[in-house]
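Trainee: Please take a close look with me at one part of this model: the aromatic rings and what is around them. I would like to follow it residue by residue.

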Amino acid sequence: MISTLCLALALATADGQANWPGFLGAGPVHVKPESIPLTWSPTMNIAWQAPLVGYGQSSPIVWGDRVFVTAVEGPDKDICHVLAFSLADGKHLWKHSFETSDKVKSSLYVSRAAPTPVVDGRGVYAFFESGDVIALSLDGHPQWQRSLSKEFGKFQNKFGLAASPAQTAEGVIILVDDEGPSYLIALAKADGKTLWKTERASRVSWSSPALVPVGGVAQVVCSSAGSVDGYDPATGKLLWTYAEVGGNTSATPLAFAAGQFLVGASAGREGQNTDLAKKSNLAMKIEFDAGQPSPKVLWRNAEATPTFGSPTVYAGHAYWINRSGVVYCVDALTGETRYTDRIKGSCWATPLGIGDRLYCFGKDGTTSVLQTGPKFKLLAENQLWDPGSIRPDPAKAAAETTPERQQAAAMFSGPVQYGVAAIDGTLLIRTGEVLYCIRQ
């Protein structure tokens, strides 16, 4: 197996510079608290903003002096883009574009460049919900490309896929959980060849796999639509499974201690999985029984529930934020609720802990900054754009096929804070069409 600690250290720095190499940082985040602003506004502490071609829901990633994002463009998500910008000033460095292998009507109701890529010192590796996977050098030169949907079957989820890849030193690990063929697959970074492929039961899910340190080595943990599963990242062998969960379709399992991670679940818009979901917001630990890894539930919290963002642990407390903007603060050791309180709006991005602050990135552009700890204290509310300057796009609503979808499109056609990246001195926030850089 792979040493999680060695991999995390290797990805943490490049030529002495801090990195954010994958979805949610892909490991422990160490950012100097004093280097990130407490407050910002459209006229304060925004160092630069870069318009993006097309539209995307992926998070930015950082390697050295470069920022990478993905996007799609066209009425049928016809073109996939990988974009690179200068971290220093937001200058556009390069763009690599290619025609998608699976055209699907673009809509507010389908994922649009949702998976976040991964990056290392050799290249950037991007997966799109069309099934296309591409490896590029850090200068934007193609290394290899494959279409998983062409090779293994067209994806059937009518809302698209969103799972972001994980990475090891030698491979890119992609979770395809779908109504059609479902599997976990590892592709070699060097040439794109299949290192291993493990079949999974078909299901509808948008959660991402994560590398979790267990006994000093890594396991790939997938929390997805009815099970939590651990795999050997070197071989793809299933090591353990836990099936007493439901509604775990969006949250990524975030490690917070050796072998320990959170599972997030919600009942869904129509109330499906309500009973199981109440039992599925929990902390889990992988222990060894006669030398074999085995999952154990440390605690459950029946009150907490997430939305699209994952629950996270920071400074001894776990945090969930639901669709209404209610924050559930839970003791990370016991699972006891410390407080429930409301912030301004729902969060589609996962909260980020830095210093004694928790940054909660509201969908509609307001970032609420909370004091960490067992008592609710709002430190700041930061608006990334002027709400009065944003008007719903009637063309987006008109493109939908039913009155219900048209009404929802009119409500949700404005900008959305989708994902973030943070390194010393810099906070990056990505909306569908703009990348923002926040600095003191």
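Mentor: Happy to! Let's start with a cluster in which ring pairs join Y55, F308, W348 and Y418. Rings of Phe, Tyr and Trp (its six-membered ring) pair if their centres lie within 6.5 Å; planes under 30 degrees apart are stacked, over 60 edge-to-face and the rest tilted. Please keep in mind that this is a predicted model: local features need pLDDT of at least 70 and side-chain atom pairs pLDDT 80 or more, while totals for chains, interfaces and linings use all residues. Residues are numbered from 1 along each chain as its sequence is written, and side-chain values use heavy atoms, without hydrogens or water.

The whole structure holds 11 aromatic pairs. One of them is W299 with W320: with 6.2 Å between the ring centres and 65 degrees between the planes, the pair counts as edge-to-face. W299 belongs to strand β23 (residues 292–300) and W320 to strand β25 (residues 317–321), so to speak of distant parts of the chain is fair, at 21 residues apart. Strands here (E, at least two residues) are DSSP runs, numbered from the N terminus. W299 is buried at 5% relative accessibility, and W320 is buried at 0%; buried means under 20% relative accessible area, exposed over 50% and partly exposed in between (1.4 Å probe, protein chains only).

Back in the cluster, the rings of F308 and W348 are edge-to-face because their planes stand at 90 degrees, with the centres 5.1 Å apart. This pair also links distant parts of the chain: F308 sits in the loop between β23 and β24 (312–314), and W348, 40 residues away, in the loop between β27 (337–342) and β28 (352–354). F308 is partly exposed, at 39% relative accessibility. W348 has a lysine as well: K363 lies over its face, 5.3 Å from the ring centre. Elsewhere, K197 lies over the face of F152, at 4.5 Å from the ring centre. For a charge to sit over a ring, NZ of Lys or CZ of Arg must be within 6 Å of the ring centre and within 35 degrees of the ring normal.

Y418, a cluster member, leads us on to T431. This threonine is found in the loop between β33 and β34 and is buried, with a relative accessible area of 4%. Beyond its neighbours within four places in sequence, T431 is in contact (heavy atoms within 4.5 Å) with L52, G56, W385, V416, Y418 and Y436.

The two strands beside that loop also take part in the largest nonpolar core, a set of buried Ala, Val, Leu, Ile, Met, Phe, Trp, Tyr and Cys residues joined through side-chain atoms within 4.5 Å. It has 35 residues, and L427 and L428 have the most contacts inside it. Among the elements giving two or more residues are β3 (46–51), β28, β33 (426–430) and β34 (434–438). The greatest share comes from β34, with 5 residues. Outside its neighbours within four places in sequence, L428 contacts W48, V67, L435 and Y436, among others. A separate core of 16 residues includes W63, A84, V124 and L136.
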